[in-house]
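Work through the exercises below with the sequence and the coordinates at hand. Each task is followed by a stepwise solution.

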Amino acid sequence: MKQLRKIIDNIKPNFQEGGKFEKLRSTFDAFETFLYVSNKVTNKGSHIRDSIDLKRTMSIVIMSLIPALLFGIWNVGYFHFLSLGEDNVSFFEVFFNGFIKVFPIIVVSYVSGLAVEFVAAQIRGHEVNEGFLVSGMLIPLVMPVDVPLWMVSIATIFAVIIGKEVFGGTGMNIFNPALLSRAFIFFAYPSKITGDLIWVSELSKNKLAVVDGFSGATPLGNAAHGAFDKIPDLWTLFWGFVPGSIGETSKFAILIGAFILIITRIGSFKIMLSFVLGGVVMSSIFNIFAVNEFMQLSPLYHILLGSFLFGAVFMATDPVTAAQTSIGKYIYGFLGGFFAIMIRVFNPAYPEGTMLSILLMNTFAPLIDYYVIQSNINRRLNRVKNIN
Amino acid sequence: MSSDNIKLLKNPFNLSNPITVQVLGICSALAVTVQMKPALIMALSVTIVTGFSNLIISLLRNTIPSRIRIIVQLVVIAALVIIVDQLLKAYVYDVSKKLSVFVGLIITNCILMGRLEAFAMSNKPIPSFIDGIGNGIGYGLILVLVAFLRELFGSGKIYGYQVVPQFLYDLGYENNGLMILPPMALIIIGIIIWVQRSYNPNLIEK
């Protein structure tokens with residue numbers, strides 16, 4: 001470790017003002033602060049500096065994503081072998097098979113996203129924003145395993161430029177970049193992100209080798225088709241032994257992530273809770289009317305199906321695009337969950353509504369905040385008036 | 001042509017472009033730019049209507065009572081649009097079908113009223129005519145550019161001819177479905193505005 005610090009200190013003068021590679025300063029800065037806690041000291045005014053900067057906040061989010069990622073990798077391999085009917089495969093083989101499928105998606109997402117971030121930072125002369133650290137990990141987790149890599153790359157570049165850099169970079173974006181990249185593929189190349197053949201790796205390629213009776217449809221896809229008898233029981237859904245986007249299947253792994261986010265207070269507990277609550281309320285309303293079978297599905301199923309929990313824990317809580325005020329967070333989360341279930345049940349073209357509902361609520365988050373703040377101002381004004 | 005007239009003609013191409021600078025006529029720019037052919041026909045129609053309505057209003061400008069000038073302008077535009085619409089129906093019926101209501105909606109295109117109010121009402125016929133043609137072409141340039149990008153990436157064609165070769169599709173390339181949808185047209189126009197303003201910093205609003 002000391003060796004590394006020495007190397008960095010040695011090459012540092014090259015990147016500082018007047019150095020040889022002055023132009024690459026922001027790039028160098030990014031790597032240095034990634035490896036070591038910044039030793040910057042505030043020299044004016046009284047500020048308390050916490051060593052938990054944006055990079056370390058992001059690292060904790062990454063950590064909370066690891067369980068979902070690891071399970072996702074294993075699940076990819078598991079379903080690959082299941083579809084081929086090979087059942088005496090060792091754990092290691094399964095995991096390795098999943099790993100070689102998922103790893104390229106992660107690499108492509110990071111390389112294309114960071115390339116845009118670095119270029120944008122160099123052009124503006126800013127520090128490199130560390131916001132992409134998390135987006136780069138979220139993007140592979142919300143993709144189906146069979147998505148072509150060039151699509152991931154285009155979608156990531158689109159999301160980072162149009163969703164983030166145009167608005168001024170990290171902290172300024174209106175939409176969650178990871179969700180935006182998924183939405184881009186969803187609308188641009190719908191055949192690669194919806195349907196029954198894409199959730200299990202290489203299912204469409206070796207159709208003939210697939211064992212009889214195996215269908216790659218996700219539980220939610222089955223529900224959308226009306227095949228309710230094919231939805232697995234609650235425990236299978238909870239542990240995540242179902243096809244789906246890479247990171248969304250295991251609710252257990254997602255809850256571990258949620259736990260990490262909540263105890264470190266990095267993810268907002270209020271948003272997660274109200275998001276789930278919104279889903280429960282909407283599905284209960286559907287239960288009351290119960291016009292069709294989809295409406296009769298119990299709230300518990302609705303929450304465990306699809307990417308509802310993943311969206312609630314990792315997507316809706318994005319501190320930049322969510323509402324900032326305390327009451328605003330409750331409203332934002334509640335409506336997010338509410339619309340997610342509504343889109344899911346009502347719109348046959350979109351089997352999953354979580355992505356669209358969170359993107360919708362992203363647009364409304366500033367408005368919610370505005371009215372929460374206004375009502376607070378009014379309340380306090382009234383208090384002052386009443387005293388006088 | 002005098003240098004003033006050339007300026008009138010050329011300014012709308014870039015520095016006072018109706019779409020990217022004045023942000024007028026966005027509606028039709030989103031609606032008719034899925035393919036190049038309708039976009040081209042639309043651009044031509046708008047150019048003709050702006051040119052001649054500017055000319056006619058400029059000829060009439062001293063006789064129009066200012067209280068009813070809007071209605072007079074509308075009558076002139078509407079008459080021209082109907083003529084254009086009938087011509088399109090007679091000679092390029094398929095394109096006219098695709099453009100559907102948007103030819104009729106040229107009447108409400110803000111570029112027309114804008115040019116009539118801002119220019120033709122207070123200028124001589126010849127410069128007015130040139131100004132109208134210039135604005136029509138400025139509008140058409142953006143329309144065709146957007147349509148070019150949308151058709152190329154959205155359906156792999158340029159002006160109806162397949163340009164993306166089959167082997168690319170075999171390799172796994174796919175047409176981008178988002179390009180066909182209107183939101184992408186808005187994003188493309190946004191990018192054009194972005195590029196234009198980074199070349200001409202004096203266009204950037206304070």
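**Exercise 1. Describe how the two domains of chain A are placed and how they touch.**

Step 1. The centres of domain 1 and domain 2 of chain A, taken over C-alpha atoms, are 22 Å apart. The domain bounds come from an automatic or database domain assignment, which gives domain 1 as 22-35 + 54-211 and domain 2 as 251-373. This is a predicted model, in which local features need pLDDT (the predictor's confidence in each residue, from 0 to 100) of at least 70, side-chain atom pairs count only at pLDDT 80 or more, and totals for chains, interfaces and linings use all residues. Residues are numbered from 1 along each chain as its sequence is written, and chains are lettered from A and ligands numbered from 1 in the order in which they are written.

Step 2. Count the contact, where two residues are in contact if their C-beta atoms, placed from the backbone, lie within 7 Å. Domain 1 of chain A contributes 21 residues and domain 2 of chain A contributes 20 residues.

Step 3. Assign the domain 1 side to helices (DSSP runs of H or I, at least four residues, numbered from the N terminus). H3 (54-84) and H7 of chain A each supply at least two residues to the side of domain 1 that touches domain 2; H3(A) gives the most, with 9 residues.

Step 4. Sort that side by residue class: 14 nonpolar, 6 polar and 1 charged. Here Ala, Val, Leu, Ile, Met, Phe, Trp, Tyr, Cys and Pro count as nonpolar, Asp, Glu, Lys and Arg as charged, and the others, Gly among them, as polar.

**Exercise 2. Characterise the side of chain A that touches chain B.**

Step 1. In this interface, 7 residues of chain A are in contact with 7 residues of chain B.

Step 2. Helix H7 (residues 177-188) of chain A provides the largest share of the chain A side, 3 residues.

Step 3. The chain A side divides into 7 nonpolar, no polar and no charged residues.

Step 4. Leaving aside neighbours within four places in sequence, Phe184(A) is in contact with Ala155(A), Phe158(A), Ala159(A) and Leu178(B).

**Exercise 3. Summarise the fold and extent of chain B.**

Step 1. Chain B has 11 helices and 2 strands (E runs of at least two residues). Their order along the sequence is α-α-α-α-α-α-α-α-β-β-α-α-α.

Step 2. The C-alpha trace of chain B spans about 65 × 45 × 30 Å along its principal axes.

Step 3. Of the contacts in chain B with a separation of 6 or more, 77% join residues 24 or more positions apart.

Step 4. For confidence, the mean pLDDT of chain B is 89, and 100% of its residues reach 70 or more. The model scores ipTM 0.86 and pTM 0.87.
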